[in-house]
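Welcome, and please have your viewer ready. We will go from stop to stop, with something to select at each one.

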Amino acid sequence: VTTPNNNGESGEEEEEEGEGEGEAEETERVLDELGKKTLESEEACNSIIQLARAALEERADDVGLLWRLSRALVHLSMLKQDDEEEKALLQQALEQSKHALDLDSSVWQCHQWYAVAVGSLSKFDGTQQKIQHGFEYKEHISTAISLNPKEPTLHYLLGRWCSEVAALSWIEKKAAAALFATPPESSYEEALQCCMKAEELLPEQWKANMLLVAKCHIQLGDVPLAVEWLHKAYNLPTITSEDRDSQEELEKLLAQHDSSE
C-alpha cells in the first residue's frame, strides 16, 4: 500500500500546525524515518506505535500523530501470521484513523489509512459487510485523491479496487444487486486508467503497480503489451515483501503468457 520511495506520503505534504509546533514536527520526523522500515520490521512498527501513543498522551488530538499511528498499525498487521492478531491491529488502525478524520477531514493521509484499514478488514467480513466496506474504501480513496492528486499510491489503490470489482463473478454481482440498490461497478479499463496515472507520477519504479497494469492488459486481451509490462516489472529490484509477492506472481504470469520463454 505504499510507493517504493515515500511510504505513502507525498513530498508536497502540508505540515499540520498547532501548539508545540517544533516538538510536534520533530516527533513526526522521527516517526517518518522509522516509517520507512515498517513494511519489513515489526520492531520499527512497534517503535512508532509506542512513540505515537506516548506523544498522544500530551497531544490527544494531533491529527499527524493519529494517521501515522494508524499507518504503523496497518503495516504491523501485514507482518502477522495469526488472523486474530491481524484483525485486532486493523481495528485499532481504523479507530485511530476515524478519530483523525473526525478532527480534520481535509488531511488526505487520514482518508488513505482509513480506507486501507477498512479494505484490509474486509477479508474477515461477510458478503453484505464486505460490499459496504468496499463503498467506504472507494469513497475515502477518491476523497484522498481529490485532496492530493499527485500521490501515486492513491491512484494505485483505486486501480486495485476497480480491478477487484471488475473481477467479481456473476453470482457475486447478483448477490450485491440483491443487497444494495446500487451495487459497486467498475471495469478493467478504469483500473488501467488509475494505474497509468500512478505510472505517470512514478514511472517504472513500482513493481506492484506495473504488475497490475500487466494484469489489466491481459484481461483486456492485449497479451503482447501485457508481456512487455511483465518483463519491465520483473526486472525491477526486489526489495520489500510486497516486491517479493509481486515477483512470484510475475514469474507465474510470464510462464503462462510469454511465448519466448
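Start with the largest nonpolar core of this predicted model: select V74, C110, I141, Y156, L158 and L230, which touch the most other members among its 68 residues. A nonpolar core here is a set of buried Ala, Val, Leu, Ile, Met, Phe, Trp, Tyr and Cys residues joined through side-chain atoms within 4.5 Å. Buried means under 20% relative accessible area, exposed over 50%, and partly exposed in between, with a 1.4 Å probe and protein chains only.

Keep C110 selected and show its surroundings. Its contacts (heavy atoms within 4.5 Å), leaving aside neighbours within four places in sequence, are V63, W67, S97, A100, L101 and D104.

A note before moving on: residues are numbered from 1 along each chain as its sequence is written, and side-chain values use heavy atoms, with hydrogens and water left out. Because the model is predicted, local features need pLDDT of at least 70 and side-chain atom pairs count only at pLDDT 80 or more, while totals for chains, interfaces and linings use all residues.

Now zoom out and colour by secondary structure. The chain has 12 helices and 0 strands; helices (H or I, at least four residues) and strands (E, at least two) are DSSP runs, numbered from the N terminus. Of the 261 residues in the chain, 49% are buried. Among contacts with a separation of 6 or more, 65% join residues 24 or more positions apart.

For one such long-range pair of positions, select G64 in helix 3. With a relative accessible area of 0%, G64 is buried. Its C-alpha lies 8.8 Å from that of V107, 43 residues away in sequence.

Next, step back to D62, in the loop between helix 2 (42-56) and helix 3 (63-78). Is D62 buried or exposed? D62 counts as buried, because its relative accessibility is 12%. Turn on its side chain: a polar contact joins it to the side chain of R59 at 3.0 Å, and it also reaches the backbone nitrogen of L65 at 3.1 Å. A polar contact is a pair of N or O atoms within 3.5 Å; within protein, one must be able to donate a hydrogen and the other to accept it, and residues adjacent in sequence count only if both atoms are side-chain atoms. Beyond four places in sequence, D62 is in contact with A24, E28 and L56.

Move along to L94, in helix 4 (residues 83-103). Not counting residues up to four places away in sequence, L94 touches Y114, A117, V118 and L121. Draw a distance from its C-alpha to that of R71, 23 residues apart along the chain, and you should read 9.7 Å.

Now for the largest pocket, which holds about 1600 Å³ of space. To find its centre, select G119, S120, S122, R160 and E164, the closest of the 49 lining residues. By class, the lining has 25 nonpolar, 13 polar and 11 charged residues. Helices that each supply at least two lining residues include helix 5 (108-121), helix 6 (127-147) and helix 7 (152-166).

Our last stop is E204, in the loop between helix 9 (188-201) and helix 10. Check its backbone: phi is positive, about 50°, although E204 is not a glycine. At 42% relative accessibility, E204 counts as partly exposed.

Terms used: 1 Å grid on protein atoms, 1.4 Å probe; cavity = no way out; pocket = protein on both sides within 12 Å on 5 of 7 lines; lining within 4 Å. Points joined across faces, edges and corners; volume = space filled by probe spheres on them. Nonpolar A, V, L, I, M, F, W, Y, C, P; charged D, E, K, R; others polar.
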